[in-house]
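Subject: Structure handover

Hello,

Here is the structure I promised you. Please open it next to this email and follow along.

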Amino acid sequence: MKLVIHSKNIEITDAIREYVHQKIEKAASHFQSITNEVDVHLSVARNPRINTRQAAEVTIYANGSVIRAEESSENLYASIDLVADKIARQLRKYKERRQDQKTQSQPVEVVVAESVVPDLIGDRTPELPNEVVRTKYFSMPPMTLAEALEQLQLVGHDFYMFRNSETGEINVIYERNHGGYGVIHPRNGNGHTNGKNGKSSHNNIVMPEKLHSK
């Protein structure tokens, strides 16, 4: 299992490196058969108005899937402990889902919204940050809606961008504030998507209870 440590605003000492290897390798020890690579990102956010936060982020690449966990506290070693426990839970969930998928297929029901949101920002002027604080690159293999939802739950974000295996388009699946999930599709000049049915660009998704839970 390949483990790579990155850092920001912090020096990776031999003691820190050894502690990361000890904790993260132990957390993933029962899942080495499905784990290809582990990236650990340690950082310190210095803000004079708040206490210094020391964060530990772990990203595991497992058989084409990405499993992610992040924790922060005022102590780096405590953050590493917390994220090791969290990534172990994420790995268990991932393995259980894979086992369930082998025995039972999960249905996905998509409910197409009747109205299309014409403009997501209205009369507001879009603002970009003054500087790019972090850039990420990742592969985007085609996947189904159910697979994209699983990835969303594994990475721990509130949205996930993916290439739809049915249409070939780049879609975004996201967690709605009032429950459930939604999907954003690209829209061409005539107001429809480039999909098979030319439906609206904003879908609501009703997922089975097992897939819906986190």
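A salt bridge is a side-chain nitrogen of Lys or Arg within 4 Å of a carboxyl oxygen of Asp or Glu. Keep that in mind for the first part. Also note that this is a predicted model.

**Salt bridges**

How many salt bridges does the structure hold? There are four.

Start with Glu70 and Arg68. Their side chains meet in a salt bridge, at 2.3 Å from N to O. Arg68 is buried, with a relative accessible area of 10%. Glu70 is partly exposed, at 35%. Neither residue stands alone: Glu57, Arg68 and Glu70 are linked in a network of salt bridges.

Next, look at Lys86 and Glu71. Their side chains also meet in a salt bridge, at 3.8 Å from N to O. Lys86 lies in helix H2 and Glu71 in strand S4 (residues 65–73), so this pair ties together parts that are 15 residues apart in sequence. Lys86 is partly exposed, with a relative accessible area of 27%. Glu71 counts as partly exposed too, at 22% relative accessibility. The cut-off for buried is under 20%.

Now find Lys23 and Asp81. They form a salt bridge in which the closest N and O atoms are 3.7 Å apart. This pair links distant parts of the chain. Lys23 sits in helix H1, Asp81 sits in helix H2 (residues 76–103), and 58 residues separate them. Lys23 is partly exposed, with a relative accessible area of 26%. For Asp81 the value is 26%, so Asp81 is partly exposed as well.

**Helix H1**

Stay with H1 for a moment. The helix has 14 residues, from 14 to 27. At 1.5 Å a residue, H1 should span 20 Å. Its end C-alpha atoms are 20 Å apart, which agrees.

Which residues of H1 are buried? They are Ile16, Tyr19, Val20, Ile24 and Ala27. These residues cover an arc of only 110° around the axis, so they lie on the same side of H1. Turn the helix around to see its other side. There, Asp14, Glu18 and Lys26 are exposed.

**The loop before H1**

Step back along the chain to Asn9. This residue is found in the loop between strand S1 (2–8) and H1. What is the phi of Asn9? It is positive, about 60°, although Asn9 is not a glycine. Asn9 is partly exposed, with a relative accessible area of 42%.

**Two buried residues**

Thr59 comes next. Its place is in strand S3 (residues 53–62). Thr59 is buried, with a relative accessible area of 11%. Which residues does Thr59 touch, not counting those up to four places away in sequence? They are Glu37, Val38, Asp39, Val66, Ile67 and Arg68. You have met Arg68 already, in the salt bridge with Glu70.

Finish with Glu150. It is in helix H3 (residues 145–155). Is Glu150 buried or exposed? It is buried, with a relative accessible area of 3%. Now pick out Arg97 as well. The two residues are 53 residues apart along the chain, and their C-alpha atoms are separated by 8.8 Å.

Best wishes

How values were computed: Residues numbered from 1 in each chain as written. Predicted model: local features only at pLDDT ≥ 70, side-chain atom pairs only at ≥ 80, totals over all residues. Heavy atoms only, no water. Helix = DSSP H or I, 4+ residues; strand = E, 2+ residues; numbered from the N terminus. Expected span 1.5 Å × (residues − 1). Buried < 20%, exposed > 50% of the residue type's maximum accessible area, 1.4 Å probe, protein only. Arc of directions from axis to C-beta. Contact = heavy atoms within 4.5 Å.
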